[in-house]
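Student: Hey, can we go through this protein together? I'd like to know what I'm looking at.

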Amino acid sequence: MPVVVTELHEVGVTVLSRWIFNCYVVHDGGAGRPLVVDPGLTSTTAAAVELVARLGQEPPVVVATHGHVDHVGGLPDLDRAGAELCLPLRIRDYLDGEVPRGPGLREIAKVRPVLREQRVDLRPLLELARTGRHTGLGGGTARFPMGADHWLADGDEVPGAPDWQVVQAPGHTDDSTALWNPSNGVLLSGDAVLSRRGRAWFTPELCDAGAAARTEERLRVLPVGHLLPGHGRPVVGTGLMDRALGPGERP
Ligand SMILES: [Zn+2]
């Protein structure tokens, strides 16, 4: 099954997906440069590199919403392609020796409804097994061989993509981050908010429920018109955060 390409013309975003894994290309981040978010798979990253070349602009700015391999596995490839890489500031603590926390297997099992919603394609898992050996958070360690050009803190404007604001969104992991565009109401939520059956779903896959509750409070009040989640299909519509399911609700 090849990479599935979905165009969201109204907001200038291309979604590159395989099974539940989404990589987003914002055609213009606000300064004439594309913004690539969550290049997790080798295959979606290759599609993103091709698309960015077709757009014919300057090298892209790249953001990973957190350090899990399904969001950072393609960073070395984008680094080689000349992209500018931005990672959540919290990852720096892990490179300094702090042990990263993440959801356990019981937590991961809670998101099965999202996995079941789309046609299963297991090849992405092989890609992740390969890249995960040298890139990303896992097994209590942090591996980022390509480094970062910028570290993103809460409230920052994304360097080179000034339409986008950094919103810290811990809960799924401590480094979880979302990107918010107040001018067109697009929220790139990473794994803080997933989707199921056309509704936003605050992830139940957590390592810190207290932090997740504060993240939910913060994200719910944003006037989101397009929710672009790390996993699951995009959700479009007014009031979609009011209708969002909490982590304890089953879609
Ligand atoms: Zn993920």
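**Sheet first, then the metal**

Tutor: Sure. Keep in mind that this is a predicted model. Let's start with an open sheet: seven strands in the order β1-β2-β3-β4-β5-β6-β9, with mixed pairing.

Student: Which strands stand at the edges?

Tutor: β1 (4–8) and β9 (150–152) do. Each has a single partner strand, so one side of each is left without a neighbour in the sheet.

Student: And how many degrees does the twist average from one strand to the next?

Tutor: The average is 20 degrees.

Student: OK, what about β2 and β3, in which sense do they pair?

Tutor: Antiparallel, over six bridges, with β2 covering residues 13–18 and β3 residues 21–26. To pick out one bridge, Thr 14 has Val 25 in β3 as its partner.

Student: Which strands does helix α1 touch?

Tutor: Helix α1 (residues 42–55) packs on the sheet and touches β2, β3 and β4 (35–37). The direction of α1 makes about 155 degrees with that of β2.

Student: New topic: which residues are the protein donors of the zinc ion?

Tutor: Asp 70, His 71, Asp 191 and His 231, with donor atoms 2.1 to 2.2 Å from the zinc. The aspartates use OD and the histidines NE2.

Student: Why is the site called irregular?

Tutor: The angles among the four donor atoms run from 85 to 169 degrees. Tetrahedral would need all angles between 85 and 135 degrees, so that label doesn't fit.

Student: Where do Asp 191 and His 231 sit in the chain?

Tutor: In loops, 40 residues apart: Asp 191 between β13 (186–190) and β14 (193–196), His 231 between β16 (226–229) and β17 (235–236).

Student: Are those two buried or exposed?

Tutor: Asp 191 and His 231 are both buried.

Key: Residues numbered from 1 in each chain as written. Predicted model: local features only at pLDDT ≥ 70, side-chain atom pairs only at ≥ 80, totals over all residues. Heavy atoms only, no water. Donors = N, O, S within 2.8 Å, 3.2 Å for Na, K, Ca; no water. Tetrahedral: all angles 85-135°; square planar, octahedral: opposite > 155°, others 65-115°. Helix = DSSP H or I, 4+ residues; strand = E, 2+ residues; numbered from the N terminus. Buried < 20%, exposed > 50% of the residue type's maximum accessible area, 1.4 Å probe, protein only. Pairing = 2+ DSSP bridges. Axes fitted to C-alpha atoms, helices over the stretch in contact; angles between N-to-C directions. Contact = heavy atoms within 4.5 Å.
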